[in-house]
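Me: I'm new to this one, so I'd like to ask how the labels people put on it are earned. Could you show it to me before we start?

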Amino acid sequence: MSSLLAIVDVHVVPIDGAPFDGAVVVTDGIITAAGPDVVAPPGAEIVDGQGQWLLPGFIDAHTHLGVHEEAEGWAGDDTNEMTDPVTAGVRALDAINPVETGFDDALSGGVTTVNVNPGSGNPIGGLTVAIHTWGRTVDDMVLRSPSGLKSALGENPKRVYGDRKQTPSTRLGTAAVIRNAFVEASNYLDQLAHADPDKAAPSRDLKLEALASVLNREIPWRQHSHRADDIATGIRIAEEFGYQLVIDHGTEAHLIADVLAAKGIPVLIGPLFTTRSKVELRNRSLANPGRLAAAGVEISIITDHPVVPIHFLVHQATLAVKEGLDAVTALEAITINPAKVMGVDDRVGSITPGKSADLVLWSGDPLDVMQRALSVYIAGQPVYAYDAATGTGKVTPR
């Protein structure tokens with residue numbers, strides 16, 4: 001028997017079109033109608049929005065949610081497998097704890113989808129995964145696996161391996177490690193393509209398989225890079241090997257915004273609420289998202305949770321608007337743009353018929369810091385509700 005839900009009398013901000021006052025209908029977890037003239041079908045469960053705002057669930061395309069558990073110390077830190085500079089075969093999926101407290105925080109901030117990344121201690125850190133923020137097991141939450149391959153340029157791998165007196169201890173060493181890994185993967189693909197059917201095929205290699213998926217443009221290369229020179233190196237290597245590049249962090253991306261715009265390279269900008277704790281962050285500014293967008297770069301805003309708490313995602317967008325970012329672009333930067341980067345924009349990121357009913361009812365404009373998420377739905381299922389009487393939020397038991 002089909003389940004029917006109608007959220008009526010709401011101000012809808014669909015992201016993929018103009019806002020309207022009307023209703024949204026959900027059938028079996030999928031949005032089936034949305035518009036000013038939509039009415040609740042017979043038998044539908046009706047939620048009266050009382051004029052409040054309805055938006056798609058927010059999306060954070062760069063987090064360590066569930067792999068770097070808060071308040072757990074070393075026992076909950078599974079972010080980096082720093083035993084080899086190239087760990088392309090490891091998967092963030094295998095380390096996510098879905099009951100980690102950060103998932104509840106995500107729901108309270110209206111965040112329904114995240115990309116979970118390995119850390120930046122290695123030149124090549126491992127496979128990322130796109131997941132919903134509610135579920136009993138991580139397998140129930142997966143939207144796309146893998147959704148990218150994480151790589152890092154700049155200070156982190158240089159520091160980690162330089163302290164051990166091994167390669168890479170410099171920026172040029174880090175770039176060489178990445179190039180060598182792609183050469184190995186290219187050779188692996190060539191061996192598979194030209195394998196003699198009468199002889200044993202080359203042995204499987206999970207590291208090279210992951211790199212091959214990038215070379216085949218099946219998943220994007222997620223390039224951690226803050227400084228403009230590191231971003232330029234990321235572009236240089238991507239063009240040498242022909243893969244799809246995404247810039248993660250991009251603290252100085254505005255300095256070469258015209259280059260990024262011309263090449264169509266998206267930037268995941270953030271975290272924006274941090275101190276300038278290292279040289280790479282010297283030019284961090286809440287004005288940078290607006291500068292990138294003005295130059296024509298497709299941006300997403302990220303928290304790098306737990307660096308910035310996941311439920312502060314929308315507040316970063318708000319303050320970026322204060323510093324010059326267009327409000328419409330700010331909402332796109334935490335909905336449809338990150339969905340595109342993660343390769344799940346056909347399923348989430350806007351209130352569009354045919355997409356998953358990941359919906360958040362807000363007390364008002366979410367870019368107003370005084371407003372809050374009142375109800376959160378993932379695939380049409382209520383997963384969070386704010387209780388005004390007690391001033392607390394309640395997550396539906398997983």
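Reply: Sure, let's start with Lys-165, which sits in the loop between H3 and H4. Helices (H or I, at least four residues) and strands (E, at least two) are DSSP runs, numbered from the N terminus. Keep in mind that this is a predicted model: local features need pLDDT of at least 70, side-chain atom pairs count only at pLDDT 80 or more, and totals for chains, interfaces and linings use all residues. Residues are numbered from 1 along each chain as its sequence is written, and side-chain values use heavy atoms, with hydrogens and water left out.

Me: Why is Lys-165 called exposed?

Reply: Buried means under 20% relative accessible area, exposed means over 50%, and partly exposed is in between (1.4 Å probe, protein chains only). Lys-165 has a relative accessible area of 78%, so it counts as exposed. Its backbone has a quirk too: phi is positive, about 60°, although Lys-165 is not a glycine.

Me: What else is in that loop between H3 and H4?

Reply: Asp-163 is found there, and so is Pro-168. Asp-163 has a relative accessible area of 61%, so it is exposed. Thr-167 and Pro-168 are joined by a cis peptide bond, with omega about 5°.

Me: Where is there another cis peptide bond?

Reply: From Gly-270 to Pro-271, where omega is near 0°. Pro-271 lies in the loop between strand E12 (267-269) and helix H8 (288-294).

Me: Back to phi: what makes His-249 worth a look?

Reply: His-249 has a positive phi of about 85° and is not a glycine. The residue belongs to strand E11 (residues 245-249). With a relative accessible area of 3%, His-249 is buried, because that value falls under 20%.

Me: How do you know that Ser-300 is buried?

Reply: The relative accessible area of Ser-300 is 1%, so it is under the 20% limit and the residue is buried. Ser-300 is in strand E13 (residues 299-301). Not counting residues up to four places away in sequence, Ser-300 touches Val-267, Leu-268, Ile-269, Ala-333, Asn-337, Pro-338 and Val-341. Contact here means heavy atoms within 4.5 Å.

Me: And Ala-44, at 15% relative accessibility: which label does that get, and why?

Reply: Buried, because 15% is under 20%. Ala-44 is in the loop between strand E3 (30-35) and strand E4 (45-48). Leaving out residues up to four places away in sequence, it touches Leu-4, Leu-5 and Ala-6.

Me: Why is helix H3 called mostly covered?

Reply: H3 (residues 155-162) has 8 residues, and 6 of them are buried. Those are Glu-155, Asn-156, Pro-157, Val-160, Tyr-161 and Gly-162. They pack against strand E9 (142-152), H4 and strand E10 (221-225).

Me: What makes a set of residues a nonpolar core?

Reply: The members must be buried Ala, Val, Leu, Ile, Met, Phe, Trp, Tyr and Cys residues, joined through side-chain atoms within 4.5 Å. The largest one here has 80 residues, and Leu-149, Leu-211, Trp-221, Leu-260 and Ile-301 touch the most other members. Helix H4 (residues 171-193) gives the most to this core, with 7 residues. Another core lies apart from it, with 15 residues, among them Val-24, Ile-31, Leu-54 and Leu-359.

Me: What does Leu-149 contact?

Reply: Setting aside neighbours within four places in sequence, its partners include Ala-88, Ile-124, Leu-127, Leu-211, Val-214, Ile-219 and Trp-221.

Me: How do you know whether the radius of gyration agrees with a compact globule?

Reply: The radius is taken over C-alpha atoms, and the globule rule is 2.2 Å times the number of residues to the power 0.38. For 398 residues a compact globule would have a value near 21 Å, and the protein chain has 22 Å, so the two agree. The C-alpha atoms fill a box of roughly 65 × 55 × 45 Å along the principal axes.

Me: How much of the protein chain counts as buried, and how many helices and strands are there?

Reply: Of the 398 residues, 55% count as buried. The secondary structure comes to 11 helices and 17 strands. As for contacts with a separation of 6 or more, residues 24 or more positions apart account for 67% of them.
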